[in-house]
Amino acid sequence: MTINVLMVGTGEYTTGYVNGSLSASDKKIGVIALTMFDLRRRNKVNDISMVGVNGKKLPAIREHLKKHIGEVYHMDASLKTYPEDGQIDADSYKAAIDDLKKGDAITIFTPDPTHFDIALYAIQRGIHVLVTKPAVKILKEHLILIEEAKKAGVVVMVEHHKRFDPAYTDARNKALNMGEFNYFYSYMSQPKYQLDTFRSWAGKESDISYYLNSHHIDFHCWTLEGKAVPYRVYATGSKGVATSEPYSLTEGTEDTITLTVNWRSLESPNHEGVAVYTASWTAPKGEVHSQQRFHYLAAKGELNVDQAHRGFSNTTDANGFGYTNPFYMNYAPDEEGHFGGQGGYGYVSIEKFIDYCQKRNDNEIEIDEIDNRHLPTIKNTVLVTAILEAGRRSLDQKKSIDLAVVDGEWTIL
């Protein structure tokens, strides 16, 4: 039976609706809702629902989805929403999940501190889960989700879409044949006007490292799977922009965070590597919405990937000069007028999740086999959370933080 999907969270990534209008980012009509509507059109998804906290916004969001997705792509954009219009209920996700049946699925795109409670509530009721990155902020919670997912026999994945970017997948494949890891550097940013979008949680409930460094940390951990492990994290941050006018975010909010991580080879005791992950949300508005790049150096080769500049630029009177990345989400319609971006890696990451949920429901695959396919499951992403939490602790405690496996589990020392 085709699964039903509940989208938890009504913000930019799910709907593209921010502060009463289309998002100012490159996700003006969102990613999750659009993809789910198209998967329903393709008979991979059945009923679709969505839950937020503020029911006062829901009529406008439904109209936004109808106008900018349903009417544009000639497809059904109807959905059930929670809570009731006009109501405000932070626990409305519980009623929405309770309306699902075992084997259905949810997506979680909400503020970081809410991920654990929502995911756990769903998992314990036999519901598959796709959660945005970071999965959780605390390693202890990540380990609980791994255990609960295994116990329930449900698919739990983290939406690390870079694993499906052709450039990144090819880079990883090449890195596997370059010998011992030596050095990795990544940089990812967003323009400072996004601080208004994130105002409700930025600096209070999470930081820029959790939000953006999680992308490249996952890629690096995925690349070094079985080859090396991290053992020490030291973090530094800069401040002053986000806390000043006109943003005036919570005192202490970092503008830019850098994590320096020591890695130890599992294959050769003589080899160690260093990784430097940097993320910022105080960049100027530029030719791309998000600067994204990395450099990987190994004993027998090196890689450089510039995800932001894909050889496709455009200039208009309205927006000036800019680079476009159609490989992530291509919003162009197909020859029949329907959404035509099924090959974008943002779409693929969501479709992969739905496909594996269906295979699991049909008893075609076991959870361990899904983990063994190197997908971004909750089990395969545990090091991302370990590094991110160690980074936050390092910033707060102003010292390096060590990681180790103790009694078979990753532990922050």
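**Entry 1: Glu-254**

I started at Glu-254, which lies in strand S11. This is a predicted model, so I keep that in mind for everything below. Is Glu-254 buried or exposed? Its relative accessibility comes out at 7%, and since buried means under 20%, Glu-254 counts as buried. Next I looked up what surrounds Glu-254, skipping neighbours within four places in sequence. I found contacts with Asp-207, Ile-208, Gly-237, Ser-238 and Lys-239, and also with Trp-281, Arg-392 and Leu-395.

**Entry 2: the sheet around S11**

I then traced the sheet that holds S11. I get an open sheet of 8 strands, ordered S14-S13-S9-S12-S11-S10-S17-S18, and the pairing is mixed. Which strands sit at the edges? They are S14 (301–306) and S18 (409–412), each pairing on one side only. From one strand to the next the twist averages 15 degrees.

I picked one pair for a closer look. Strand S9 (residues 181–191) and strand S13 (residues 292–298) run antiparallel, and 7 bridges join them. Tyr-187 has Arg-293 in S13 as its bridge partner.

Two helices on this sheet went into my notes. Helix H9 (residues 208–223) packs on the sheet and touches S9, S11 (254–265), S12 (272–283) and S13. Its direction makes about 150 degrees with that of S12. Helix H12 (residues 382–397) lies across S10 (228–239), S11, S17 (401–406) and S18. I noted about 45 degrees between H12 and S10.

Back to Glu-254 for a moment: its contact Ile-208 is in the residue range of H9, while Arg-392 and Leu-395 fall in that of H12.

**Entry 3: H7 against H9**

H9 also has a helix partner, so I checked the geometry; two packed helices are described by the angle between their axes and the distance between the axes. Helix H7 (residues 166–175) packs with H9 at an angle of about 35 degrees, the axes being 10 Å apart. I recorded the crossing of H7 and H9 as right-handed. Which residues make the contact? From H7 I listed Tyr-168, Thr-169, Ala-171, Arg-172 and Ala-175. From H9 I listed His-216, Phe-219, Trp-222 and Thr-223. The residues of this contact split into 5 nonpolar, 3 polar and 1 charged.

**Entry 4: the other sheet I looked at**

I moved on to an open sheet of 6 strands, in the order S5-S4-S1-S6-S7-S8, with parallel pairing. Its edge strands are S5 (80–82) and S8 (156–158), and each of these pairs on one side only. Neighbouring strands here are turned by 20 degrees against each other on average, direction ignored.

For a sample pair I took S6 (residues 105–108) and S7 (residues 128–131), which pair in the parallel sense over 4 bridges. Ala-105 stands opposite His-128 in S7. Helix H5 (residues 115–123) lies across S1 (3–8), S6, S7 and S8. I have H5 running at about 175 degrees to S6.

**Entry 5: backbone oddities**

I went through the backbone next, given that most residues other than glycine have a negative phi, and most peptide bonds are trans.

Where did I find cis bonds? One is the peptide bond from Tyr-82 to Pro-83, with omega near -10 degrees. Pro-83 lies in the loop between S5 and helix H4 (92–98). Another cis peptide bond joins Lys-133 and Pro-134, with omega about -5 degrees. Pro-134 is in the loop between S7 and helix H6 (139–152).

Then the positive phi values. Ser-248 has a phi of about 50 degrees although it is not a glycine, and I placed Ser-248 in the loop between S10 and S11. With a relative accessible area of 37%, Ser-248 is partly exposed. Asn-363 has a phi near 60 degrees and sits in the loop between helix H10 (345–361) and helix H11 (367–372). What is the relative accessible area of Asn-363? I read 63%, so Asn-363 is exposed.

**Entry 6: the whole protein**

Last, the overall figures. I count 12 helices and 18 strands in the protein. The radius of gyration is 21 Å, close to the 22 Å that the globule rule gives for 413 residues, so the protein is as compact as a globular protein of that length. Its C-alpha trace spans about 60 × 55 × 45 Å along the principal axes. Buried residues make up 57% of the 413 residues. Of the contacts with a separation of 6 or more, 72% come from residues 24 or more positions apart.

Conventions:
Residues numbered from 1 in each chain as written. Predicted model: local features only at pLDDT ≥ 70, side-chain atom pairs only at ≥ 80, totals over all residues. Heavy atoms only, no water. Pairing = 2+ DSSP bridges. Axes fitted to C-alpha atoms, helices over the stretch in contact; angles between N-to-C directions. Contact = heavy atoms within 4.5 Å. Buried < 20%, exposed > 50% of the residue type's maximum accessible area, 1.4 Å probe, protein only. Left-handed = near helix turned anticlockwise from the far one by under 90°. Nonpolar A, V, L, I, M, F, W, Y, C, P; charged D, E, K, R; others polar. Rg over C-alpha atoms; globule rule 2.2 N^0.38 Å.
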